[in-house]
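Trainee: Could you help me learn how to read a protein structure? I would like to start with its surface.

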Amino acid sequence: LASEYARIAARLKLPEKDLANQSEIVAAVREWLAHNSGWLLVLDNATGPEGCTGYIPRPIAGRILITSRHAAWRGLAQQMEVRPLSREESTAFLRRRSGRVEPEAVDELSEAVGDLPLALEHAAAYIDSAGISIREYVGLLGRYSKELLEPVAATWRISFEKLRTEESGSLELLNLIAWLAPDDIPRDLLQGTAESPLAFNRRVEALLRYSLIRSGDGVIGVH
């Protein structure tokens, strides 16, 4: 973020843009943002609130969009959860992205990938580049799902590796959840897997931090 703010300082031609101390450059950019309107600042793929607070101007004279898989932003930003697409949205996206009209196959493919935008995009890109029909892709997906969905799996593998070092017990919990129906899993059913309620909460918190589960009203859900 500090280096990106230095680039902003250069674009704005701020007097501080050539300073050796990056913190002074960041402060200068924050000051400019606080006293000028009509800008949009995007903090993409933020790891959490603690890493962003020092870069947000006060007052906020423009607009700030933060994208993150971290779930806890209350107090800093108004949250909007990005959920899987509806079936209607999925099929419309596939038709538009692939340029193909195959109603039954489009619905089957949406069902197969759980209406996940990332999986739908990878599927449509493959269909386009390979020059095959959606029906043919659905057939391939049934036989070669591991290979075709590898780009999607790679996105999650990064999170798994981080969790392995940060809170390894959370991966054990996720593996257990994977054997259950995905919605409305009672927390009480899972809590006995940890040595204490606090340890269980730490594992849930870690999974929420990477948006691997949903939690609320005494239940846990997973895609």
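Mentor: Happy to! Accessible areas come from the Shrake-Rupley method, which uses a 1.4 Å probe. Keep in mind that this is a predicted model. Here the protein chain exposes about 13800 Å², and 52% of that area is supplied by carbon and sulfur atoms.

Trainee: What share of the 223 residues is buried?

Mentor: Buried means under 20% relative accessible area, while exposed means over 50%. With that cut-off, buried residues make up 32% of the 223 residues in the protein chain.

Trainee: Which residue could I look at as an exposed case?

Mentor: Try Gly99, in the loop between helix 3 (87-98) and helix 4 (103-112). Gly99 has a relative accessible area of 64%, so it counts as exposed. You can also pick a partner and look at distance: Gly99 and Ala46 are 53 residues apart along the chain, and their C-alpha atoms are separated by 34 Å.

Trainee: How many helices and strands does the protein chain have?

Mentor: There are 10 helices and five strands. The radius of gyration of the chain is 22 Å, well over the 17 Å given by the globule rule for 223 residues, so the chain is more spread out than a compact globule. Its C-alpha atoms fill a box of roughly 60 × 50 × 30 Å along the principal axes.

Trainee: Now a helix, please. Which residues of helix 8 are buried?

Mentor: First, the general idea: an α-helix has 3.6 residues a turn, so residues three or four places apart point the same way. In helix 8 (residues 168-177), the buried residues are Gly169, Ser170, Leu171, Leu173, Leu174 and Ile177. They pack against helix 7 (150-166), helix 9 (187-191) and helix 10 (197-209), and also against strand 3 and strand 5.

Trainee: How are strand 3 and strand 5 joined?

Mentor: Two strands pair if at least two bridges are found between them. Two bridges join strand 3 to strand 5 (residues 219-221), and these strands run antiparallel. Look for Ile185, which stands opposite Ile220 in strand 5. Together with strand 4 they make an open sheet of three strands, in the order 3-5-4. Strand 3 (185-186) and strand 4 (214-216) are the edge strands, each pairing on one side only.

Trainee: And how many charged side chains are there, positive and negative?

Mentor: The chain has 26 positive and 31 negative side chains. The centres of these two sets lie 4 Å apart.

Methods:
Residues numbered from 1 in each chain as written. Predicted model: local features only at pLDDT ≥ 70, side-chain atom pairs only at ≥ 80, totals over all residues. Heavy atoms only, no water. Helix = DSSP H or I, 4+ residues; strand = E, 2+ residues; numbered from the N terminus. Rg over C-alpha atoms; globule rule 2.2 N^0.38 Å. Buried < 20%, exposed > 50% of the residue type's maximum accessible area, 1.4 Å probe, protein only. Lys, Arg positive; Asp, Glu negative; His and termini not counted. Charge placed at Lys NZ, Arg CZ, Asp CG, Glu CD. Contact = heavy atoms within 4.5 Å.
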